[in-house]
Amino acid sequence: MAANKQLLHLVIGGELNDLEGTVFRNPAEIDFVGAYSNYADAKEAWKSAAQRTVDNAHMRYFVIHAHRLIDPNGANICDED
């Protein structure tokens, strides 16, 4: 990966209908935590948000690899290591 390659990640969360699924109870109330230019920063934000809501079993946060949506041809690029 080139040093200047930005790999955009989004962190969002909200209450789910079902603990086994990924359908949000109210999409209008999704918590947009932020956009991050690398996975490490996104993971840290995800962890922090998830820990703040640990008492709500239906609350889940996700890291979305937006760079894969923006550039599907570069989808094999990964910065999770």
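Begin by selecting His-9 and Tyr-36: His-9 stands opposite Tyr-36 in strand E2. The model on screen is a predicted one, and this pair is a convenient place from which to explore it.

Keep Tyr-36 selected and display its surroundings. Tyr-36 belongs to strand E2. Setting aside the residues within four places of it in sequence, Tyr-36 is in contact with Leu-7, Leu-8, His-9, Val-11, Asp-41, Ala-42 and Ala-45. Next, mark the C-alpha atoms of Tyr-36 and Leu-10. In sequence these two residues are 26 residues apart, while in space their C-alpha atoms are 6.3 Å apart.

Now extend the selection from His-9 to the whole of strand E1, residues 9-15. How many bridges join E1 to E2? There are 5 bridges, and the two strands run antiparallel. On adding strand E3, one finds that E1 and E3 also pair in the antiparallel sense, over 6 bridges. A residue pair to pick out here is Val-11 and Val-63, since Val-11 stands opposite Val-63 in E3; Val-11 is also among the contacts of Tyr-36.

With the three strands displayed together, the sheet can be viewed as a unit. The sheet is open, has 3 strands in the order E2-E1-E3, and is paired in antiparallel fashion. Its edge strands are E2 (31-36) and E3 (59-64), each of which pairs on one side only. From one strand to the next, the twist averages 15 degrees.

Return to E1 and colour its residues by accessibility. Why is this strand largely enclosed by the rest of the structure? The reason is that 5 of the 7 residues of E1 are buried.

The next selection is helix H1, residues 39-52. Helix H1 lies across E1, E2 and E3, and runs at about 175 degrees to E3. Asp-41, Ala-42 and Ala-45, which were listed among the contacts of Tyr-36, can be highlighted at this stage.

Finally, show the entire protein chain. The chain contains 2 helices and 3 strands, and along the sequence these follow the pattern β-β-α-β-α. Of the 81 residues in the chain, 25% are buried. A contact display gives a further view: among contacts with a separation of 6 or more, 62% are between residues 24 or more positions apart. With the surface switched on, the protein chain exposes about 5600 Å², and carbon and sulfur atoms supply 50% of that area.

Methods:
Residues are numbered from 1 along each chain as its sequence is written. This is a predicted model: local features need pLDDT of at least 70, side-chain atom pairs count only at pLDDT 80 or more; totals for chains, interfaces and linings use all residues. Side-chain values use heavy atoms; hydrogens and water are left out. Two strands pair if DSSP finds at least two bridges between them. Helices (H or I, at least four residues) and strands (E, at least two) are DSSP runs, numbered from the N terminus. Axes are lines fitted to C-alpha atoms, for helices over the stretch in contact, and angles run from 0 to 180 degrees between N-to-C directions. Contact means heavy atoms within 4.5 Å. Buried means under 20% relative accessible area, exposed over 50%, partly exposed in between (1.4 Å probe, protein chains only). Accessible areas come from the Shrake-Rupley method with a 1.4 Å probe; for residues, only the protein chains shown count as cover.
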